[in-house]
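Visitor: Hello! Could you take me through the aromatic rings here, with a close look at how they pair up?

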Amino acid sequence: MGKVSAGTVAAVVVALLVVLAPASSHAADNTVSKLPWEKFNVQGGAFFAALNNKVTAGSEGAGVAIDVEDFLGLEVQNTVFRLGASYRIGEKRRHRVDLDYLYFNRSGEKNLDQDILVDNNVIGAGSRVDTTFNFQIYRAAYSYSFFQDDRMDLAASIGLFVMPIKFELSVSGVGSKQGDFNFTAPLPALGLRGDFAVTPRWFIRTNLDVFYLEYQSFKGALVDTRIAVEYNPWEHFGFGLGFDNFRVKLEAEGNDYPGVDFQGIVKSQFMGVQLYARYFY
């Protein structure tokens, strides 16, 4: 056990004075200690997602949009581990930092039903194609609560999505890649967040992030919507059930945008439900 600091002792003394104070002083007490918004939170659990991804490898007119789930045999359903954390800064807890991480790692193989053109290469019908499509999301966000009381916390946020994407397509037995790109796209986003205390143990959490940018030969758009219901049966532990709808489209013809050096279009969408446990204080 670590050494008890003077600040900790002082905090305990103050807490005892508040408990022993007259009821009238409790009614007048409007400090942050009476608010239900925890200072720190970490959560993790299984995320059950349905995915829909389309990839065009090559410049416009030199390739066709390929549905990687239907046409290339990647599974539509994917279950992964999702992790998130948040920390409120300052005595009033209006400043908050959030971190999230999610990783889809998929591969598949399929005999093509028809010819396809990928990056100026024709892959004939009947060819056995091996495909890898890995998709990660790192999210960091800062938010400020412009309205906060004991039932509602509304905030505006600015954040950054960093998304390493790896797509590789090759014909079995040939060994050469017929189409591929690997890049990491940093996408800044603006958002809104709303937390609602339905009861002392039940909470509703909502979040919306959006991004759109056209820069030279790069175009990017992103919309991420999340809502969750949480139940906290214990003082520092609880459970949650969340729903997420994520859409992103990236289009590039070179390295005009930082972290992006490819020719093609990526459209990715997933919808999913997460069941998670959380620790907070």
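Guide: Happy to; here is a walk through the ring pairs, with a little of their surroundings. Keep in mind that this is a predicted model. The protein chain has 2 helices and 13 strands, and buried residues make up 41% of its 281 residues.

Now to the rings themselves. The count of aromatic pairs comes to 15. Take Phe-133 and Phe-135: their ring centres are 6.5 Å apart and the planes meet at 15°, so this pair is stacked, planes under 30 degrees apart being counted that way. Both of these residues are buried.

Phe-135 also pairs with Phe-246, this time edge-to-face, with 6.3 Å from centre to centre and 65° between the planes. Phe-135 belongs to strand 7 and Phe-246 to strand 12 (residues 237–254), so this pair ties together parts that are 111 residues apart in sequence. Phe-135 is buried, at a relative accessible area of 1%, and Phe-246 is buried with a value of 1%.

Stepping back, ring pairs link Phe-133, Phe-135 and Phe-246 into a cluster with Phe-47, Phe-104, Phe-161, Phe-167 and Phe-270. At Phe-47 there is a charged neighbour too: Arg-82 lies over the face of the ring, 5.0 Å from its centre.

One more stop is Thr-131, which lies in strand 7 (residues 128–148). Thr-131 is buried, with a relative accessible area of 1%, and the residues it touches include Phe-167, Leu-72, Leu-74 and Arg-106. Phe-167, as a member of the ring cluster, brings us back to where we began.

Definitions and conventions: Residues are numbered from 1 along each chain as its sequence is written. This is a predicted model: local features need pLDDT of at least 70, side-chain atom pairs count only at pLDDT 80 or more; totals for chains, interfaces and linings use all residues. Side-chain values use heavy atoms; hydrogens and water are left out. Helices (H or I, at least four residues) and strands (E, at least two) are DSSP runs, numbered from the N terminus. Buried means under 20% relative accessible area, exposed over 50%, partly exposed in between (1.4 Å probe, protein chains only). Contact means heavy atoms within 4.5 Å. Rings of Phe, Tyr and Trp (its six-membered ring) pair if their centres lie within 6.5 Å; planes under 30 degrees apart count as stacked, over 60 as edge-to-face and the rest as tilted. A charge sits over a ring if NZ of Lys or CZ of Arg is within 6 Å of the ring centre and within 35 degrees of the ring normal. Lists of a residue's contacts leave out its neighbours within four places in sequence.
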